[in-house]
Amino acid sequence: MRRTGTTRRGALAATGALAAGAVLTACGSDTDDTAGARKGSAHGGARTAADGTSSARTEKALRTSASRTTTTLLARYESVLRTHPSTAAGLTPLRDAVRAHLAAVSPGKAPAPGTAPSPATGAAAAPAAAVKELAAAERTAADTYTALLAEAPGELARLLASVAAACAAHAYLLTELAKETPA
């Protein structure tokens, strides 16, 4: 008799497909930033230094906010993995993806694998409840990244959209994993 529902293999395949889609999306056209730069130079004018400084400040603030959100999410994964080692098979690939997101939104500042970021938060007493809490945290992170999109310049907007989509996929996978996790 064949098992129905989401399996770990299916969940990992879906995660891989979403990651591949995110990579392909990031390799999109040069519409926003480079087209704007060409347009400015075609009219004989270049962006002023103040525009560049303001844009750099905005991008830095957005990256700082995204980095803070991702660091908090990574700390939650680490806490659940420490508290409930039985969840490692399902959570480790997702935690590693969150670590990659942190490296992408804040280049050069991502923690090394195996090191727990701070602030560390406590995990729920039951493994299934802890996984459900992670799903809720992923949904919150997806909402945060989506909110940042309104102010983000082209390439950063693409990155934040990809990370938000990955968080939404993680939330789904964690919700399904919680159903399979013993209470």
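Is A147 buried or exposed? A147 is exposed, since its relative accessible area is 55% and anything over 50% counts as exposed. Keep in mind that this is a predicted model. Overall, the protein has six helices and zero strands, and below is a quick tour of how three of those helices, α4, α5 and α6, meet.

**The protein as a whole**
- Going along the sequence, you get α-α-α-α-α-α.
- The protein has 183 residues, and 36% of them are buried.
- Take the contacts between residues at least 6 apart in sequence: 78% of these link residues at least 24 apart.
- The accessible surface adds up to about 10200 Å², and carbon and sulfur atoms account for 60% of that.

**Where A147 sits**
- You'll find A147 in helix α5.
- From A147 to L160, the C-alpha to C-alpha separation is 9.5 Å in space, with the two residues 13 apart in sequence.

**Helix α5 against helix α6**
- Helix α5 covers residues 127–148 and helix α6 covers residues 154–180; their axes come within 8 Å and cross at roughly 160°.
- That angle is over the 145 degrees cut-off, so α5 runs roughly antiparallel to α6.
- The crossing of α5 past α6 is left-handed.
- On the α5 side, the contact uses A128, V131, K132, L134, A135, E138, R139, A141, A142, Y145, T146 and L148.
- On the α6 side, it uses L160, V163, A164, C167, A168, H170, A171, L174, T175, L177 and A178.
- Sorted by type, the residues of this α5–α6 contact come out as 17 nonpolar, three polar and three charged.

**Helix α4 against helix α6**
- Helix α4 is made of residues 88–105, and its axis comes within 11 Å of the α6 axis, with a crossing angle of roughly 165°.
- α4 and α6 are therefore roughly antiparallel to each other as well.
- Here too the crossing is left-handed, with α4 passing α6.
- From α4, the residues making the contact are G90, L91, L94, A97, V98, H101, A104 and V105.
- Their partners on α6 are L159, L160, V163, A166, H170, L173, L174 and L177.
- This α4–α6 contact breaks down into 13 nonpolar residues, three polar and no charged.

**Residues of α6 that turn up twice**
- L160, V163, H170, L174 and L177 of α6 are listed in the contact with α5, and they are listed in the contact with α4 too.

How values were computed
Residues numbered from 1 in each chain as written. Predicted model: local features only at pLDDT ≥ 70, side-chain atom pairs only at ≥ 80, totals over all residues. Heavy atoms only, no water. Helix = DSSP H or I, 4+ residues; strand = E, 2+ residues; numbered from the N terminus. Buried < 20%, exposed > 50% of the residue type's maximum accessible area, 1.4 Å probe, protein only. Contact = heavy atoms within 4.5 Å. Areas by Shrake-Rupley, 256 points an atom, 1.4 Å probe, with all protein chains shown as cover. Axes fitted to C-alpha atoms, helices over the stretch in contact; angles between N-to-C directions. Parallel < 35°, antiparallel > 145°, perpendicular 65-115°, else oblique. Left-handed = near helix turned anticlockwise from the far one by under 90°. Nonpolar A, V, L, I, M, F, W, Y, C, P; charged D, E, K, R; others polar.
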